[in-house]
Amino acid sequence: MLKIFETEAELAQAVAGEMLTQLENENEPMFCLAAGSTGTSSFKTFSDEVSAEQLEKFRFASLDEWVGVSGDVVGTCYQMLNDDLFKRLPIAPEQVTFFETKGTDLAAECAKLDATIAARPLTFSLMGVGMNGHIGLNEPGMPVLDHASVVKLSDTTKRVMQKYFDEEVALQEGITLGLAQILSSKHVIVALIGAHKADIAKEIFENPEANLPAQYFLNRGNVDFYLDAAAASKLIK
């Protein structure tokens with residue numbers, strides 16, 4: 001279902017509300033949340049409203065990470081989620097399972113996340129959409145996978161990712177959950193926020209030949225697309 005919100009703040013409140021509902025209604029809630037600007041406002045609202053008692057059930061599985069960078073480096077997915085969410089919550093380290101990509105066995109890291117999700121399936125996923133339509137680090141042209149994998153970064157992603165880092169980095173690979181793995185969540189919200197996402201939103205909804213990863217989530221009963229008015233500004237009314 002497509003839902004358009006007048007403001008980013010209204011969209012963020014709706015996402016935070018769904019996160020709280022998950023903790024209330026699921027016996028074994030398992031979250032998978034995109035790093036970066038997509039969820040920043042939602043995570044603040046969620047952390048302000050959630051109780052320590054509710055968080056006893058909270059578990060988190062990593063979506064993606066840049067390969068070859070330590071998680072404490074500014075610009076990594078872990079660093080952003082840690083600052084925006086984890087550090088705000090009274091949770092234990094074992095409640096979060098994240099990809100480690102610096103000096104580690106990447107195949108083992110993929111197996112670790114696969115096993116984590118097999119043992120406790122995803123109940124809620126919040127996805128952003130890249131400027132090229134990617135979800136996680138599933139780039140255009142990649143096969144639809146039901147497991148985690150190491151992937152080559154597209155030129156678009158390598159260019160856009162630089163905004164997250166304090167200094168330029170030369171990364172070639174990422175590690176990510178597969179599209180089918182994400183779609184296995186009980187509920188998925190795909191969020192597009194801001195005028196800079198208007199062109200890719202138009203491609204997703206109005207160009208069925210584009211074959212974008214985000215289009216894999218269209219017309220799914222467990223998926224909602226949340227757009228603010230700016231991101232939806234170029235859609236046919």
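**Salt bridges, a helix and two cores**

Modeller: In this predicted model, the side chains of Lys-202 and Glu-206 meet in a salt bridge, 2.5 Å from N to O. Residues are numbered from 1 along each chain as its sequence is written, and side-chain values use heavy atoms, with hydrogens and water left out. Local features need pLDDT of at least 70 and side-chain atom pairs count only at pLDDT 80 or more, while totals for chains, interfaces and linings use all residues.

Biologist: What makes the Lys-202 and Glu-206 contact a salt bridge?

Modeller: The term requires a side-chain nitrogen of Lys or Arg within 4 Å of a carboxyl oxygen of Asp or Glu. The N to O value here is 2.5 Å, so the pair meets the definition. Lys-202 and Glu-206 are four residues apart in helix H7, about one helical turn. Helices are DSSP runs of H or I with at least four residues, and strands are runs of E with at least two, numbered from the N terminus.

Biologist: Why is Lys-152 called exposed?

Modeller: Exposed means over 50% relative accessible area, buried under 20%, and partly exposed in between (1.4 Å probe, protein chains only). Lys-152 has 59%, so it counts as exposed. Glu-173, at 27%, counts as partly exposed. The side chains of these two form a salt bridge at 3.4 Å, N to O. Glu-173 is in strand E8 and Lys-152 in strand E7, 21 residues apart.

Biologist: What does the salt bridge between Lys-234 and Asp-199 tie together?

Modeller: Lys-234 lies in the segment after E10 and Asp-199 in helix H7, so the pair ties together parts 35 residues apart in sequence. The closest N and O atoms are 2.6 Å apart. The structure holds eight salt bridges.

Biologist: How do you know that the span of H1 is close to the expected one?

Modeller: The expected span is 1.5 Å times one less than the number of residues. H1 (residues 8-25) has 18 residues and reaches 26 Å from its first C-alpha to its last, close to the 26 Å expected. Among its buried residues are Leu-11, Val-15 and Leu-23.

Biologist: What makes a set of residues a nonpolar core?

Modeller: The members are buried Ala, Val, Leu, Ile, Met, Phe, Trp, Tyr and Cys residues joined through side-chain atoms within 4.5 Å. The largest such core has 39 residues, and Leu-33, Phe-46 and Phe-60 have the most contacts inside it. H1 gives the most to this core, six residues. A second, separate core of 36 residues includes Leu-113 and Val-223.
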